[in-house]
Each structure stands twice: as structure tokens, then as C-alpha cells.
Amino acid sequence: MDIVLATTVIASLFLVVGIAEPLAARLRVPYSVILAALGMLIGVGAVFFLRTDITDALNPMAEAILALPIRSNVFLYVFLPTLLFQATLGMNLRRMLDDWVPIFVLAVVAVVVATLSVGYALAWTSGLPLAACLLIGAIVSTTDPSAVVSIFRSISAPRRLARIIEGESLLNDAAAIALFGLFMGFVMLGVPDPKLSDALARFPLLIAGGALTGWLAARIAVWLMALFNRHELAQITISVALPYLAYIGAEQSVGASGVIAVVAAGLTLNLTGPGRLQPQTWANLRELWGVLAHWAGALIFVLAALLIPRMLEQVRVEDFVLVGVVILAAVAARALILFGLMPVLTFLGLSPTVERPYRLAILWGGLRGAVTLALALAVTESFRVPDGIQRVVGILATGFTLFTLIVQGTTLRWVIRKLGLDQLSPIDKALSRQVVAVALQTVREDVARSTENYDLDHDIVRSEAKRFGNRLQDAVKATEDNPDIHDRDRITLGLIALAGQERDEILLRVRERTISARMAEQVLSDADRLIEGARTGGRSGYQRAARRSVAFGPRFRAAVFLHNRLRLSFPLARMTADRFEHLLSQRLILRDLGRFIDGRIRRIHGRRVAELLRELLSRRIDAVETALQGLQLQYPGYAGKLERRFIRRTALRLEEREYNTMREDGLIGAEVYMALMQDLDRRRAATEKRPHLDIALRRTELVRQFPLFAEVDDVSLKRLARALKTRHANAGDVLVSKESVAKSVFFIASGAVELESAGQTWRLGRGEMFGQIGILMQRPRRTEVRAIAPSTFLVLDEVRFRRLLKRSSAVRSAVKSSAEKRGLAGGDLLRELAKTR
């Protein structure tokens with residue numbers, strides 16, 4: 001093909017892609033439907049102009065279009081890795097992990113169910129071998145959720161629901177393509193009726209091999225990026241190479257799933273990249289991948305649609321019946337998951353509640369697209385697949401895709417409108433009014449400052465200010481006087497606004513580099529949980545999310561287990577340092593939110609709501625301070641190192657701002673500016689390195705702070721520090737239950753607990769202990785102990801505790817004093833204490 005002609009065709013395709021998006025918005029149909037329609041029109045037009053006698057002027061262009069190298073390998077090796085990799089980079093992984101159960105069910109389980117449903121339905125109604133039917137089932141089980149996700153976003157659907165659908169689409173494609181490769185192998189080997197157990201046994205190997213390959217490739221790429229820290233273009237270029245090398249390596253070298261390898265590589269880079277790359281570099285990298293994915297997603301639809309007329313050339317009447325069977329089986333399989341399995345997961349607390357209208361929208365929005373056509377094309381190109389199977393696979397996959405695009409795609413908005421999902425709820429309407437009021441308030445303040453700076457005519461300024469003030473007053477009045485909004489809803493609106501402001505403050509601190517990109521992801525996830533918690537659960541949902549932000553998570557507890565049982569200190573040291581930095585970042589942000597409450601919240605929602613929000617904010621600050629104090633007691637001096645690091649980063653940011661100002665004012669030249677910035681980058685790289693935390697050393701220092709152990713000599717103290725096990729508990733966790741056998745004594749390093757026995761309660765704090773009376777009395781416990789704040793304990797087993805009693809009179813006195821407070825200092829206890837002397 002002539003290079004000029006080829007360039008013209010490719011440029012024209014990009015022009016089509018550029019026109020498609022505004023055209024889809026104008027016609028109010030999904031973007032993918034417009035792309036597919038334009039692609040089919042181009043394909044039909046090229047065939048028409050090549051065969052017609054009307055004119056020969058467009059023959060070269062038509063020949064060039066039909067001669068485009070549209071092969072399945074182009075889709076699978078060029079476009080697909082781009083789409084999958086960008087999808088993983090754009091995800092909020094911490095939030096995705098919150099919903100991994102429904103995502104896994106909708107993706108992997110639903111793909112398997114759809115494959116089996118379509119496969120066995122075709123096997124019963126056609127003369128095809130079971131392997132070929134299951135292959136068709138795997139091909140049509142891929143979904144394109146972009147249409148339903150974009151509509152959900154436009155109608156203010158719950159963020160969590162849109163996030164679940166996005167996560168489902170990513171794993172859905174990965175699982176479906178892995179199954180496709182499995183059944184494609186059976187068809188090419190001529191195995192007509194494969195054993196389902198053999199297929200399912202090989203499936204995990206494909207997944208595990210691909211995941212390991214992708215993870216290893218991403219770790220190598222991140223290591224290389226860190227070496228080229230001052231070369232942004234080199235780092236971004238390495239990221240471009242990563243998904244393709246991971247895909248090819250898994251497919252060609254390991255024999256595993258290349259799709260899973262790309263997903264694993266993207267997830268690994270998403271987790272590790274923000275902490276290893278500069279914030280601006282990471283932002284530019286994601287922006288580039290967004291553009292690449294937009295082009296790839298559009299071109300894959302247009303090019304695949306070009307093939308549709310060609311793949312339908314040999315269609316027969318009976319094929320329409322089989323297409324109907326595929327449609328019914330696929331819809332039934334998805335309905336089974338949405339209306340059968342999802343409610344069960346919701347009942348078990350493993351999935352959010354998905355209202356029936358949303359489930360119907362998801363069911364109808366399960367469009368198929370380019371991936372389905374690309375997999376079908378791979379079958380039709382293989383000379384090892386019989387011709388009859390090639391024809392049926394191509395026709396059924398194409399017919400099913402056309403049904404989803406033409407019927408479901410064009411009616412999706414109508415269905416959503418009939419379900420009432422396009423109407424804002426009263427709380428959302430009130431929220432929109434609140435947003436207008438807050439925005440107008442900000443604009444008024446900014447306009448007032450601008451008029452002062454430009455020395456405008458006072459009469460004009462006064463009249464415009466009055467006009468703007470009236471509009472603001474009307475907006476605030478509409479927010480306050482809405483009869484559909486109760487006081488409880490006003491509190492919810494205030495909490496949503498407060499959480500949104502917290503998110504804005506975090507982003508500002510990230511841009512100023514006072515919060516690291518690594519911590520930014522975590523605190524932003526906390527802010528998102530606060531927003532969702534307030535929207536779905538009001539005050540209680542907000543408080544649950546706030547408690548979770550300072551609680552000890554399962555990963556932290558796993559690190560504690562590894563340290564206590566296997567003496568592996570590195571995970572605990574790293575996660576403890578993360579917790580330190582996380583809490584310091586939270587404290588920094590929370591202390592700035594009071595001004596927002598006293599200013600905008602008070603003006604819009606009134607004094608009572610503002611005071612309540614102030615109280616909730618104070619509780620959050622107290623919880624963060626308590627958790628931070630607990631860490632400071634365990635690791636004295638480390639918080640100071642992090643604070644010193646924060647001050648230095650702030651100073652570097654201010655210094656950089658001064659250099660930029662001088663450069664813009666022409667006070668320094670380009671050469672001087674570059675030299676100053678290189679020196680600043682070197683110092684910033686040294687500052688970004690987090691101080692090392694020595695867990696073993698800090699344990700001994702922590703034990704030395706207990707007054708109970710004041711009499712213990714240094715050698716015994718170090719031995720005791722090694723014997724003590726660390727345990728962390730969140731507020732509400734039960735540490736000791738009634739009727740349990742006493743085996744350990746708990747020393748409170750930080751936090752507080754509440755003891756309940758016979759209707760009476762006692763509270764213990766730092767430096768005190770519990771569990772000792774049960775051991776000495778040698779009877780089942782009659783007391784329940786639960787944490788009332790995030791707490792850290794040092795736990796000693798019975799044998800070592802009795803040894804400690806013999807050596808320390810201070811511990812014996814503490815045991816006796818504790819028993820007297822609770823009225824348990826009877827003869828049995830005193831005799832047991834006497835035995836320990």
C-alpha cells in the first residue's frame with residue numbers, strides 16, 4: 001500500500017474517532033454504538049464503491065480500507081494490552097479491595113456461569129461439539145460496561161456501584177480471554193467433548209502464571225524508573241513498554257494468560273508507582289495512558305466493525321435461531337448472578353445493597369463489543385479450526401454483538417428513564433442547591449478581592465455586589481427552607497460537604513508536596529469512604545468510615561502476627577511507619593477543617609448543624625491524637641523525625657516557589673534557574689526518604705516506660721521485652737470473654753479498655769493490666785473486656801507472668817491494688833500472691 005494512501009486512511013480513522021464522541025452526545029446513545037455504526041458504514045461503503053460502476057475515483061481509498069491489516073493478533077497484541085493497562089492505572093485500588101467479593105463474583109463467577117450456560121444451550125440446540133459451544137460461550141461472555149458506567153455517572157448513581165462495574169469489566173475480560181484460550185486449545189486439538197474438570201484444573205494455572213509474570217515485569221519496570229528519577233520522559237517510555245512485554249512474555253514464554261499478566265503489571269505499577277515517582281510524573285504518565293486508551297478503544301471498535309459485513313456474508317436462516325439461543329442463555333446467566341447470587345452476598349454483608357432498578361440497568365447494559373469480535377476473528381483465522389465451526393463462531397459472535405449494540409445500546413437510556421434512575425432524589429436535589437450556594441459564596445469573596453485589586457468604580461462594584469448577594473441569599477434560602485429535607489438530612493449534607501472539603505485539602509497538600517503521593521492515595525481513599533458513608537448512612541455511616549480510618553486493618557494485624565510468631569520484623573516496621581505518616585497527614589488535614597465549618601457550613605446550614613459537625617470533627621481529631629500518642633509511646637522520637645521531614649519538605653516547596661517567581665520576573669536566567677532546580681531536586685530526593693524504624697529496639701524502650709517494671713534489671717528487661725507479644729485492637733473488639741480460660745495477662749501500652757462484670761464497669765488506661773486475677777484464681781473468667789479506642793497491648797503468657805510476680809514486688813502490689821478496687825481481694829487471691837514470693 002502506498003505510504004501516502006495509508007497515512008490518509010489512518011488519519012481519516014482518527015477523524016472519525018474525533019467526530020464520534022460529540023455525535024454520540026448529540027444523539028444521546030452510547031459512544032461504542034456510534035463507533036460501531038460508523039465502522040460498519042465505512043466497511044459497507046468501501047465494498048459498495050469498489051464494486052459499483054458509478055465512479056472509480058474512490059477505488060484506491062476503498063481498496064486501502066479493505067486491505068487494512070485487520071487481524072486478531074492486532075487486536076490482542078496491540079489494542080487489548082493498552083485498554084487493560086490503562087484501566088488498572090485509573091483504578092482506586094484501595095476502594096476496589098473494599099468490594100473485591102462482588103467484583104470477583106460479577107467477573108469470574110459470572111463469566112464461568114455465562115460460558116457454561118451458552119455452551120450447553122448451544123450443545124442441546126445445535127449439532128456443534130461441546131468444545132466449540134463452550135468456546136462460543138467464552139467469546140460472548142466479555143462485556144463492555146463503558147455505556148452503563150457513563151450513564152450511571154451522569155445520573156449520580158452510587159459511586160460504589162460504578163466502581164464495582166468497572167472492576168468487573170477488567171476481570172471479566174481477563175477471565176473470559178483465559179477461558180477462550182483454554183477451549184480454543186481443545187477445538188484445535190480436535191477434542192469434541194472435553195472434561196469440565198480438566199478445563200477447570202488448567203484455569204488456575206493460567207491465572208497464576210500470568211499474575212506472577214506481570215508482577216515480576218512491573219517490579220523490574222519500577223526499579224528502572226527509580227534509577228531514572230530525573231528523566232521523566234524515560235520513565236513514561238518504560239511504562240509504555242511494560243504491558244506489551246508482560247503480555248508477550250506470558251503468552252509466548254510462560255504459556256500463561258497474557259491478559260492476566262497485563263492486569264497484574266498494571267495493578268503493581270498502580271500500587272508502587274505513586275511512591276517511587278514524582279507526583280507530576282505520575283500524573284503525566286496516567287494522562288498519556290488515558291489518551292492512548294481512548295484511541296485504542298475507539299480504533300478497536302471501528303476496525304472490528306469494518307469486519308462485520310464480511311463475517312455475515314454466509315449467514316443462513318437457521319443461524320438466527322442460534323443467535324436467539326445465545327441471547328437468551330447469556331441474559332439468563334447474567335440475571336441469575338444479579339438476582340440470585342448478589343442478594344445472597346448482600347444478606348451476608350459481603351456486597352453493598354444494589355437496588356432492583358440498578359440491577360435491571362446492569363442487566364440491560366451488558367453490551368458486547370470489540371473484544372468479542374476480536375476473539376471471534378481469531379477463530380475464523382485459525383486453519384486448525386474446522387471451516388464449519390469457523391463460520392458458526394463468526395456469525396453467532398457478530399449477531400450477538402449487533403443485538404447488544406443496536407437493541408440494548410440504543411434503548412439503554414430509555415430503560416433507565418423508565419426505571420426512574422434519571423431522577424434526582426430529594427437529598428441529591430438538596431445537595432445540588434448546597435453546591436450552588438457554596439460556589440456562589442466562594443465566587444463572591446473572590447470577586448470582592450478582584451475589585452479591590454483593580455480599583456473599579458465603587459458605585460458599579462456596590463450594585464453588582466448587591467445583585468450577586470441577592471442571588472446568593474436566594475440560594476442559601478432555598479437550601480434552608482426545603483420542606484423535603486429534614487434536620488437529619490441537613491446533617492448528612494453538611495457531612496458530605498465536610499468530607500468533600502477534606503478531599504480538596506488533601507489534593508492541595510499533594511500539589512504542595514507536603515503530603516507524599518504514597519500517603520495521598522491512602523488519605524484520599526479515607527475521604528472517599530467518608531463521602532460514601534455520609535451519603536448512604538448519614539451520621540452513623542460517616543462515623544463508621546472515620547473509625548475505620550484510624551483502625552488497625554487486617555494487613556497490619558498480619559504483619560504483627562509475622563513479627564510475633566516468625567520474628568519477621570520488616571513488614572511490621574514498614575506498616576508502622578506508614579501508620580505514623582498516615583496519622584500525621586490526617587492530623588494536618590483535620591485541623592484545617594474547622595475554618596470551613598465556621599465559615600461556609602454555618603452560613604448555609606445554621607449554627608446547630610455547624611456545632612454538631614464541630615463535635616464530630618473534634619472526636620475525629622481526638623481519635624487521631626490518641627492513635628498517634630500510642631505510636632509515640634511505643635516508638636519515642638520517630639514522630640519527631642517525621643515532623644522534621646515535613647518541615648523540610650515544606651521549606652523546599654517554598655524555596656521552589658521563590659525560584660519560580662524570580663524566573664518569571666526575569667531576575668534570574670535559564671541557566672541559573674536550572675542549576676538551582678537541580679540542587680533542589682537532589683535535596684528533595686534525600687528528604688523524601690523516610691526515616692528507618694527499628695521495631696526491636698523500640699520494644700525494650702516501651703517496656704521500660706511501664707512503672708510496673710521499674711524494679712526489673714536491664715538483662716531481665718530485655719528478656720521480658722522478647723517474651724512479650726504485641727496485640728492491637730480496634731474500638732469495640734472483645735479481648736476477654738466471659739467463661740473463657742485465663743491464659744495471658746494484658747499490659748496496656750496505649751488506648752483504653754472497659755471491663756464489665758456483674759452489671760458493673762471499670763475503665764483501664766495506659767500502664768495498667770488485666771487478666772492477672774483469672775490466672776491467679778485459676779477459674780473461668782467472669783469479666784468481659786473490650787477496647788473502647790484503638791489500643792495496643794503487650795501480652796505475657798501465664799508461665800512468664802508467674803515468674804515476673806516472683807521477681808517484682810511492684811507487679812505484686814499492682815495486682816493486689818487492682819483486686820481491691822474491684823472488691824476481689826479475698827483470701828484465695830492473697831494466698832496465691834503469697835505463693836509467688
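Helices and strands here are runs assigned by DSSP, at least four residues long for a helix and at least two for a strand, and they are numbered from the N terminus. With that in hand, show the whole chain as a cartoon: this predicted model has 34 helices and eight strands.

**Stop 1: the whole chain**

Stay zoomed out for a moment. The chain has 837 residues, and 51% of them count as buried. Now think about contacts between residues at least 6 apart in sequence: 80% of these join residues at least 24 apart.

Next, colour by pLDDT. The chain averages 77, with 82% of its residues at 70 or more. Where is confidence highest, and where is it lowest? Select 232-254 for the top end: that's helix α11, with a mean of 90. Then select 827-835, helix α34, where the mean drops to 55, the lowest in the chain. Where pLDDT is low, don't read the predicted coordinates in detail.

**Stop 2: a helix with a kink**

Select 72-89. This is helix α4, 18 residues that reach 25 Å from the first C-alpha to the last, close to the expected 26 Å. Click on F79: a kink of about 40 degrees sits there, shortly before the proline P81.

Now show the side chains. Buried residues in α4 include F75, L76, F79, L80, L84 and F85. While you rotate the view, remember that an α-helix has 3.6 residues a turn, so residues three or four places apart point the same way.

**Stop 3: a four-strand sheet**

Jump ahead to the strands and find β2, β7, β4 and β5. In that order they make an open sheet with antiparallel pairing. Which strands stand at the edges? Select 734-736 (β2) and 760-764 (β5): each has a single partner strand, so one side of each is left without a neighbour in the sheet. Look along the sheet and you'll see it twist, by an average of 30 degrees from one strand to the next.

For a closer look, select 753-757 (β4) and 784-787 (β7), an antiparallel pair held over four bridges. Here L755 stands opposite V785 of β7.

**Stop 4: strand β3 and its two partners**

Finally, select 744-750. Is β3 mostly covered or uncovered? Mostly covered: six of its seven residues are buried.

Add 791-797 to bring in β8, which pairs with β3 in the antiparallel sense over six bridges. Find S750 and you'll see T792 of β8 opposite. Then add 769-770, strand β6, also antiparallel to β3, over two bridges. In β6, M769 is the bridge partner of F747.

How values were computed:
Residues numbered from 1 in each chain as written. Heavy atoms only, no water. Pairing = 2+ DSSP bridges. Axes fitted to C-alpha atoms, helices over the stretch in contact; angles between N-to-C directions. pLDDT = per-residue confidence, 0-100. Buried < 20%, exposed > 50% of the residue type's maximum accessible area, 1.4 Å probe, protein only. Expected span 1.5 Å × (residues − 1). Bend = angle between axes of the 7 residues up to and from the residue. Contact = heavy atoms within 4.5 Å.
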